[in-house]
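Q: Got a minute to go through this one with me? I'd like to start with the packing and then move outwards.

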Amino acid sequence: MSEFAAVAQDVWVTARRGLVRGRREPRLLVLPLLQPVLFMLLFGVLLGGVISVPGVAGYPDFLIPGLIVQAVALTAGMAAVDVAGDVRHGMVDRFRALPTPGGAVLFGRTVSDLLRIAMTAAVAAAAGVIAGWRVHSGPAAAAAGFLLVLTFGYAVAWLSVLVGLSARTPRAARAVMPACLVALTFVSNVLAPPDTMPQWLRPLAEANPVSAVVTALRVLWGDEPAGSGATAASAYPPALVWIFAVLVAAIPLALRRYRRTPAP
Amino acid sequence: MAAAIVAEGLVKRYGSATALAGLSLSVPEGTVLGLLGPDRAGKTTAVRIMATLLRPDAGRCLVNGVDVLTHPAWARPDIGVCGQRPAVDGFLTGFENLEQLGRLHRLGRRRARARAEELLERFHLSEAAHRRVSCYPAGMRRRLDLACALVAAPAVVLLDEPTAGLDQRSRLGIWDVISERVRDGTTLLLATRHLEEADELADEIVVLDRGHVLARGTPDQLTRQIGGERLQVVLGDRAETQVAEDILNRVCGGQAVVFLDQHLVQAPVVSGAQALIELVRRLDAAGIEPVDIGIHRASLDDVFRKLTGQAATPTLADEEART
């Protein structure tokens, strides 16, 4: 067997581990799947009537791309809790003592995260359609949008793996990761355009990488408010640069951290 | 006989705390080394260094002839390791746990499955093979954990407190399994706080405390090193200790030690039985009636207590408090 095929198999075996865990311990999936549906009901349906964003036909058109991104980020964030648990229970030590390359183990794990992320994105989008959201561009652009969402989720998953490997306890990871992601997605353009926010908050929301991704997504799907000035040329590069930067930073750091995981 | 594990001057510090202060040891192929010490002795640190999981600040370590610091990837296939707590996936079955590790050891699907079946049988887990590990009792989890370390039939197995948190019955079960491996020619390093465990399983023992080696040798050597047999008299009256000390010095050829508060006098002795008869005779002649008299044999327990300044075998209550 060639080394490449062997590593591919290592990746498959660890990815399968993550998938089986997701299937047999579904409680880890409940929150990320429920959350977009609840938000959809709360903001899209319940408050949708009183909220109007200038330049968009209905609030759901503005809201749903952001909620999909938020749901994906929270799903990816669960990886931190999982990985911290693996450190705690000695599973990381067990895998590290194997001849299997560390990269294959972590890569396999993020492949299973990617599937969970895709599931969340699908559920969130379906809930969005029920709330009245539509993609106003063509199928190719719609597909490109989902690809962007998955890439973003994958980057957050690697960041979560890094956090999980660095957390002292699973409880710490459980407390920190979702809180950070909720804060990051709230102080952004997910719920409201930053120019409607207080003066001090606006720069934060505008500089937020989540805002960059959401803007790119709205432009792709034709949901960007008219008159915002965002175009393909202005919206795509920041989003892609952010995603790429997170991947380039988080992957080597996570691999390095993995090789130095402390005793459980 | 070639050495399967060689450690030379292993040093590991965490901040200002020294976990290992220059550990050197050598384990011949097919033998068991007991690494005996209380909590925080440095046992886990030593095991993790040998298992390629931790880099020491100084020192060298060869496992099966491979330097684990410079070529960890080459050393790993020959090493099986169990941590202090069983590292098994609760959401998988026993079979799936072993099969997964077999695949990661690149045995291929068919051999990984065959190996899993074989190990489950050998560790008396066949009946529970297809149950999820989250419902295994502690003893079974431990056995599965040991089986996990043996998936690739490694030449060297490192066990860090393999019976921590188990009741006596499960403990005996684990000992059986370990003895079996040793008969197969596996080299074993067994880190433990339990003297009984080291005594039962180890060919040689290294006593470790706060990162320092306090003593090493076979269980018998260690016992002798600390004093072997002693003649001991407990007196009813404190005033009699002086006379008893004189008598013991004459019988045993000096070196009598008095513990005044306990009314106790003792002295090391070579042929205990002979000396005991002589002692009784002389005490009687001096008109002293001892409360207790006898030959005291130093146990490995005494050795441990003397070396580390603490009780060797924790009580069951200690054990529960820890877990």
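**Cores, sheet and contact**

A: Sure. This is a predicted model. Its largest nonpolar core has 148 residues. Those with the most contacts inside this core are A:Val69, B:Met50, B:Leu189 and B:Leu190.

Q: Which helix gives the most to this core?
A: Helix H3 of chain A, residues 59–88, with 19 residues.

Q: What is A:Val69 in contact with, leaving aside neighbours within four places in sequence?
A: A:Val149, A:Phe152, A:Val190, A:Val210, A:Val213, A:Val214 and A:Leu217.

Q: And what lies apart from the largest core?
A: Another core, of 14 residues. B:Leu235, B:Val251, B:Cys252 and B:Ala267 are among them.

Q: Switching to the sheet in chain B. What's the strand order?
A: S6-S7-S8-S3-S9-S10. The sheet is open, has six strands and shows mixed pairing.

Q: Which strands stand at the edges?
A: S6 (79–82) and S10 (212–217) of chain B. Each has a single partner strand, so one side of each lacks a neighbour in the sheet.

Q: How many degrees are neighbouring strands turned against each other?
A: 15 degrees on average, direction ignored.

Q: In what sense do S7 and S8 of chain B pair?
A: Parallel, over five bridges. S7(B) covers residues 156–160 and S8(B) residues 187–192. B:Leu159 has B:Leu190 in S8(B) as its bridge partner. B:Leu190 also appears among the residues with the most contacts inside the largest core.

Q: Which helix packs on that sheet?
A: Helix H1 of chain B, residues 43–50. H1(B) touches S3 (32–36), S6, S7, S8 and S9 (204–209) of chain B. Its direction makes about 150 degrees with that of S8(B).

Q: New topic, H1 of chain A. How many residues does that helix have?
A: 22, running over residues 3–24. H1(A) reaches 32 Å from first C-alpha to last, close to the 32 Å expected at 1.5 Å a residue.

Q: Which residues of H1(A) are buried?
A: A:Asp10, A:Val11, A:Val13, A:Thr14, A:Ala15, A:Arg17 and A:Gly18.

Q: What covers them?
A: The cover includes helix H5 (102–131) of chain A and helix H3 (94–104) of chain B.

Q: How many residues does the contact between the chains take?
A: 22 from chain B and 21 from chain A. On the chain B side, H1, S6 and H3 each supply at least two residues. H3(B) gives the most there, with three residues.

Q: What's that side like by class?
A: The side of chain B that touches chain A has 11 nonpolar, five polar and six charged residues.

Note on methods
Residues are numbered from 1 along each chain as its sequence is written. Chains are lettered from A and ligands numbered from 1 in the order in which they are written. This is a predicted model: local features need pLDDT of at least 70, side-chain atom pairs count only at pLDDT 80 or more; totals for chains, interfaces and linings use all residues. Helices (H or I, at least four residues) and strands (E, at least two) are DSSP runs, numbered from the N terminus. The expected span of a helix is 1.5 Å times one less than its number of residues. A residue is buried if 20 or more other C-beta atoms lie within 10 Å of its own, exposed if 12 or fewer, and partly exposed in between; C-beta atoms are placed from the backbone. Two residues are in contact if their C-beta atoms, placed from the backbone, lie within 7 Å. A nonpolar core is a set of buried Ala, Val, Leu, Ile, Met, Phe, Trp, Tyr and Cys residues joined through C-beta atoms within 7 Å. Two strands pair if DSSP finds at least two bridges between them. Axes are lines fitted to C-alpha atoms, for helices over the stretch in contact, and angles run from 0 to 180 degrees between N-to-C directions. Ala, Val, Leu, Ile, Met, Phe, Trp, Tyr, Cys and Pro count as nonpolar, Asp, Glu, Lys and Arg as charged, and the others, Gly among them, as polar.
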